[in-house]
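I opened the model and kept notes as I went. The entries follow my path from residue to residue, then to the empty spaces.

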Amino acid sequence: MIILGILLCIAGIGILCWLLFTLAIFALPLFAGVTAGTWSLNAGAGWLGAILVGVLAAGLTLGVGQILLGVIRSMWAKIAIALVFVAPAIVAGYHATHGIAKLMMPSETWQIVFSAIGAIAVGVTAFLRIAGMAAGDQSGRGMVQA
């Protein structure tokens, strides 16, 4: 039974890490949605209004980001937009890795080292996914078709 528990723990950590890497590019829309929803709840919109405003803000943030990546031609501007989406992913990756590291090792120094490594890994993964989204829109528009 102990071995089964260890294997299930490793599988759970693996699934959570996969989920973190997969959903890292949605950190900015999530933060924007939660912030807008919290603001609207405190402004008196009620629970339903806050959820609606949060979902709308998150969708708008993601949609505007994708439109900007598709429309803007300057590489520096695309990198800047990608970095705006990557920064919250780095913060989320740091905190997720730090939570796992706190469970696994007692030394605070090593917790911070592994948390920084996890943040870098999540940030690079998110940047590559966003760069793939930006490169995916290059479908040959403007090229002469023979």
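**Entry 1: L62**

Which residues does L62 touch, not counting residues up to four places away in sequence? I found F26, P29 and F85. I note here that the model is predicted.

I placed L62 in helix α3, which covers residues 46-71. Is L62 buried, partly exposed or exposed? Its relative accessible area is 22%. Buried would need under 20%, so L62 counts as partly exposed.

I also checked L62 against I120. The two are 58 residues apart in sequence. From C-alpha to C-alpha they are 22 Å apart in space.

**Entry 2: the largest cavity**

L62 turned up again when I looked for enclosed space, as one of the residues that line the largest cavity. How many cavities of 30 Å³ or more does the structure hold? I got 1. The largest cavity has about 50 Å³ of space.

I listed its lining: I25, L62, G65, Q66, L69, F85, I130 and M133. The elements that give two or more residues to this lining are α3 and α5. α3 gives the most, with 4 residues. By type, the lining residues of the largest cavity divide into 6 nonpolar and 2 polar, with no charged residue. F85 is on this list, and F85 is also a contact of L62.

**Entry 3: I81**

Next I went to I81, in helix α4. That helix spans residues 75-104. Which residues is I81 in contact with, leaving aside its neighbours within four places in sequence? They are G65, L68, L69 and I72. Two names were familiar: G65 and L69 also line the largest cavity.

Is I81 buried or exposed? I81 has a relative accessible area of 13%. The cut-off for buried is under 20%, so I81 is buried.

I took one distance from I81, to W47. Their C-alpha atoms are separated by 32 Å. Along the chain, the two residues are 34 residues apart.

**Entry 4: W47**

I followed that distance to W47 itself. W47 lies in helix α3, as L62 does. Why does W47 count as exposed? Its relative accessibility is 66%, and exposed means over 50%.

I set W47 against T97 as well. They are 50 residues apart in sequence. In space their C-alpha atoms are 31 Å apart.

**Entry 5: S115**

I moved on to S115, in helix α5, residues 108-136. S115 is buried, with a relative accessible area of 0%. Where does its side chain reach? It reaches the backbone oxygen of Q111, at 2.6 Å.

I then listed what S115 touches, not counting residues up to four places away in sequence. The list is Y94, T97, H98 and A101.

**Entry 6: the largest pocket**

T97 and A101 came up again at once, among the residues that line the largest pocket. I noted a volume of about 160 Å³ for this pocket. The rest of the lining is I13, L16, C17, L20, F21, A96, I100, F114, G118 and V122. The elements that give two or more residues to it are α1 (2-23), α4 and α5.

Which helix gives the largest share of this lining? It is α1, with 5 residues. By type, I counted 10 nonpolar, 2 polar and no charged residues in the lining of the largest pocket.

**Entry 7: confidence**

Last, I looked up how far the predictor trusts its own model. The protein chain averages a pLDDT of 84. At least 70 is scored by 90% of the residues.

Where is confidence lowest, and where highest? It is lowest in α1, at a mean of 77. It is highest in helix α2, residues 27-42, at 92. I noted this beside the pocket entry, as α1 gives the largest share of the lining of the largest pocket.

One stretch I flagged. Over residues 142-146, pLDDT stays under 50. For those residues the model has 1 contact beyond four places in sequence.

Definitions and conventions
Residues numbered from 1 in each chain as written. Predicted model: local features only at pLDDT ≥ 70, side-chain atom pairs only at ≥ 80, totals over all residues. Heavy atoms only, no water. Buried < 20%, exposed > 50% of the residue type's maximum accessible area, 1.4 Å probe, protein only. Polar contact = N/O pair within 3.5 Å; in protein donor to acceptor, adjacent residues only side chain to side chain. Contact = heavy atoms within 4.5 Å. 1 Å grid on protein atoms, 1.4 Å probe; cavity = no way out; pocket = protein on both sides within 12 Å on 5 of 7 lines; lining within 4 Å. Points joined across faces, edges and corners; volume = space filled by probe spheres on them. Nonpolar A, V, L, I, M, F, W, Y, C, P; charged D, E, K, R; others polar. pLDDT = per-residue confidence, 0-100.
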